[in-house]
Amino acid sequence: MNRLIRCFIVLFFLAFNTAFAQTVSGSIASDTTWSGIVIADSVNVPFGRILTILPGTIVKFNSGKMLVVAGKLIANGKSDSTIIFTSNVGTPAPGNWNGIELQNSASVASVINYCIVDYAGGGSNASSIYYKTGAPNINISNSVIHRSSNHGINPRSSSPRISNTVLTQNGGYGIFADLSLSFIVDSCKITKNTNGGVMIGVNSTASILNSVIDSNGTGVFVSNSAAPTIKQN
């Protein structure tokens, strides 16, 4: 198919989705399912609540807004029907919205799979996906995290498995972990991130396996007393 025609189809789909999307803000009062959403003001998923986002859903954020998850997030897309988190600005730019903050204090089996997170990184968290200190190990798989104004993913003191995921064109690090943890990066492509590919924090025992790390400001930065496993990359 002609590239111009493909672009037209994508633009038409995005416009159609926005025209018929539901506008939401504030805390979710009960278990909720999304299938086309505009975040007018930041949304909070409280502890004990479940937010399910259906495959193929586009979630658009107004400037400076974010999704805060203290409950359970099921963002389980498919290879041919990804879930997209992106800016609601007409001509988007990195940092238009603040990102997704994971802050539950115990594992509730949240899922982030086949998702695209685009144009985030604004606000104090400075990441597209940010794990609040003490958050559970929510895994990220088969996803694309790109065009953040700052870092792609910041796991802080959590130890998620990040697998088969592309982290590219982020203004900071693709993965920035400044605390002690043992996260796993497996079969990822981490390229063209301004500051670096992966930042491994003090005393961390992180693992980076089977991945491509190329054309970043720094490939892998290993902090004092860290003892990572880095092999087959």
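**Reading contacts, core and sheet**

Student: Leaving aside its neighbours within four places in sequence, which residues is L67 in contact with?

Tutor: L67 is in contact with W34, V43, V45, L51, F61, F85, G99, I100 and E101 once those neighbours are set aside. Keep in mind that this is a predicted model.

Student: Which residues have the most contacts inside the largest nonpolar core?

Tutor: They are W34, L67, F85 and F183. L67 therefore appears twice in our reading: it is on that list, and W34 and F85 are among its contacts, given that contact means heavy atoms within 4.5 Å. The core has 46 residues.

Student: Which strand gives the largest share of this core?

Tutor: Strand β3, residues 37–45, with four residues.

Student: Now the rings. How many aromatic pairs does a search of the whole structure find?

Tutor: Two. Read the angle between the planes first: under 30 degrees counts as stacked, over 60 as edge-to-face, and the rest as tilted. F61 and W97 form a stacked pair, with 10° between the planes and 3.9 Å centre to centre.

Student: Which parts does the pair of F61 and W97 tie together?

Tutor: F61 lies in strand β5 (residues 58–61), and W97 in the loop between β8 (83–87) and β9 (99–102), so the pair links parts that are 36 residues apart in sequence.

Student: Are F61 and W97 buried or exposed?

Tutor: The cut-off for buried is under 20% relative accessible area. F61 is at 1%, so F61 counts as buried. W97 is at 0%, so W97 is buried too.

Student: And how is the pair of Y173 and F176 arranged, stacked or tilted?

Tutor: Tilted: 50° between the planes and 5.8 Å centre to centre. Y173 and F176 are both buried.

Student: Next, a polar side chain. Where is S87, and is S87 buried or exposed?

Tutor: S87 sits in strand β8. Its relative accessibility is 5%, so S87 counts as buried.

Student: What does the side chain of S87 reach?

Tutor: Look for N and O partners. The S87 side chain reaches the backbone nitrogen of V89 at 3.0 Å. That side chain also makes a polar contact with the side chain of N96, at 3.1 Å. For the wider surroundings, leave out residues up to four places away in sequence: S87 then touches K60, F61, P92, N96, W97, D118 and Y119. F61 and W97, the stacked pair, are on that list.

Student: Try a tyrosine. What does the side chain of Y131 reach?

Tutor: The backbone oxygen of I138, at 2.5 Å. Y131 is in strand β12, residues 127–131. Its relative accessible area is 0%, so Y131 is buried. Beyond four places in sequence, Y131 touches residues including L102, I138, I153, N154, R156 and P160. As for spacing, Y131 and G172 are 41 residues apart in sequence and 16 Å apart C-alpha to C-alpha.

Student: Last, the sheet. In what order do the nine strands of the open sheet run?

Tutor: Strands of a sheet pair through backbone hydrogen bonds, either parallel or antiparallel. Here the order is β2-β4-β7-β10-β13-β16-β19-β22-β25, with parallel pairing. The edges are β2 (32–34) and β25 (229–231), and each pairs on one side only.

Student: How many bridges join β19 to β22?

Tutor: Three bridges join β19 (residues 184–186) to β22 (residues 207–209), and the two strands run parallel. To locate one on screen, start at I184: its bridge partner in β22 is S207.

Key. Residues numbered from 1 in each chain as written. Predicted model: local features only at pLDDT ≥ 70, side-chain atom pairs only at ≥ 80, totals over all residues. Heavy atoms only, no water. Core = buried A, V, L, I, M, F, W, Y, C linked by side-chain atoms within 4.5 Å. Buried < 20%, exposed > 50% of the residue type's maximum accessible area, 1.4 Å probe, protein only. Phe/Tyr/Trp six-rings, centres within 6.5 Å; stacked < 30°, edge-to-face > 60°. Polar contact = N/O pair within 3.5 Å; in protein donor to acceptor, adjacent residues only side chain to side chain. Pairing = 2+ DSSP bridges.
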